Amino acid sequence: MEILIINSGSSSLKYQLIDSQTGESKARGLVDRIGIDGSTIKYVALKNGKEIEVKKQLPIANHEEGLNLVTELLCDAEVGVISNPDDIKGVGHRVVHGGERLVQPTIITDEIEKIIEELIPLAPLHNPGNLSGIRVARKLFAKATHCAVLDTAFHQTMPAKAYRYAIPAEFYEKNGVRAYGFHGISHKFVDGEARKLLNKPNAKNITIHIGNGASMSAVNAEGKCVDTSMGFTPLDGLVMGTRCGQIDPGVIFYMGSQLGLSNDEINTILNKKSGMLGVSGYSDARDVSDKYHTGDANAILCYEMYAYRIKKFIGAYTAALNGLDSIIFTAGLGENDALVRKLVCQDLSFLGIELDEEKNEQLNHPKHPVEVQKDGARVKIFIIPTNEELQIVNEIIDLVK
């Protein structure tokens, strides 16, 4: 059974067609710069044992035009992998924010669309794009079952002591101000993979999803998230590419009252000009790494701050879990940056975390899960490539059936 996975942003649309029985990706790609000059579409398909790639640059005014182009390629006589859109039995949509109302995979109806729209104030940068993709796809694939998988859902098992803020209760009760957490689809996928590798269903794991955006989760012996580093928004927690992460709220008041910055200016600084970019001058870790190895002081400080923040969360989450079986690195930096893994794992032997530096240095772009702890170390250190699309398929397969 073919299931199409759609991750729709404000000006982009990622997609992947997956065979639900084998987990094999039959086609994948990206429609980028929707409604902006220089729009492109990329399509990669596996057909007759060969990989086919198509790239086009052409005007793409909106999500409907973009998804129409994707459908044409999927059904094309030469490069397509299905005969017509009705071959697709299910469409899984990644939705960033489900609040407290959407906490499990859900068949999309007009009512569910309305709920996603009502949650836009909690995710103004993400839910509108997600909603656009849903509305267009429901028209194009009218016979398919459309399902929403929420990036916040995995964290809904957190207890109130973890997700509530120590501010007047009315802000939670009336306005929903609490920690929600994000990257939940990825955290759930790699935690599940780790449990299989450990052959220990009741494992206690810390998942570390570090890319341009970054977050961590503590997952208890029941496989439930009990804490996560992102909060009400994706701004909290770890140092990120351009986001500051955890910060004293007093800094924000100082920037406004003493420095005369507006709320919009402060928001832009903390979301788009901080993190690695603010400390080193570069938002891409590859550039920061190059500078680190030349002895650049700002790049060295940037990596030290980045790793130290992760290390602090490891300590806190080990305490919250009352033990630890594994830590799991995933996403862009987690899978590909040996330096950050090395710095994170330094001086954690008291917790049973001991990195084999030789194994760690040899790994780059692993296609399968690998272990990089020293022989005999008490805590496993996994590098597990994340696969959010496959996790979405796994989440919705029963709904589609």
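## The annotated pair

Glu388 lies in helix H15, which covers residues 388-400. This is a predicted model. The UniProt annotation "binding site", from an unreviewed entry, covers Glu388 together with Asn7. The two span 382 residues in sequence, yet no two of their C-alpha atoms are more than 10.0 Å apart, so they gather at one spot.

Asn7 has its place in strand E1, residues 2-8. Asn7 counts as buried, with a relative accessibility of 18%. Glu388 also counts as buried, at 18% relative accessibility. Both values fall in the buried class because that class takes in whatever is under 20%.

## What the pair touches

Leave aside residues up to four places away in sequence. Glu388 then touches Arg94, Ile185 and Ser186. On the same basis, Asn7 touches Ser12, Leu13, Lys14, Arg94 and Asn130. Arg94 is thus listed for Glu388 and for Asn7.

## A six-stranded sheet

Elsewhere in the model, six strands form an open sheet. Their order is E11-E10-E9-E12-E14-E13, and the pairing is mixed. Which strands stand at the edges? They are E11 (225-228) and E13 (370-371). Each has a single partner strand, so one side of each is left without a neighbour in the sheet.

Strand E9 (residues 205-210) and strand E12 (residues 326-330) run parallel. Five bridges join them. One bridge partner can be named: His209 pairs with Thr330 in E12.

Helix H13 (residues 338-345) lies across E9, E12 and strand E14 (380-383). The helix runs at about 155° to E12.

## Cysteines without disulfides

How many disulfides does the model have? The count comes to zero. Cys75 is in no disulfide, and the nearest cysteine sulfur, that of Cys147, is 20 Å away. A disulfide needs two cysteine sulfur atoms within 2.5 Å, so a separation of 20 Å does not qualify. Cys345 is in no disulfide either. For Cys345, the nearest cysteine sulfur belongs to Cys302 and is 18 Å away.

Is each of these two cysteines buried or partly exposed? Cys75 is partly exposed, with a relative accessible area of 22%. Cys345 counts as buried, at 5% relative accessibility. Helix H13, the helix across the sheet, covers residues 338-345.

Methods:
Residues numbered from 1 in each chain as written. Predicted model: local features only at pLDDT ≥ 70, side-chain atom pairs only at ≥ 80, totals over all residues. Heavy atoms only, no water. Pairing = 2+ DSSP bridges. Helix = DSSP H or I, 4+ residues; strand = E, 2+ residues; numbered from the N terminus. Contact = heavy atoms within 4.5 Å. Axes fitted to C-alpha atoms, helices over the stretch in contact; angles between N-to-C directions. Buried < 20%, exposed > 50% of the residue type's maximum accessible area, 1.4 Å probe, protein only. UniProt positions renumbered as here; feature names shortened; annotations may be inferred.
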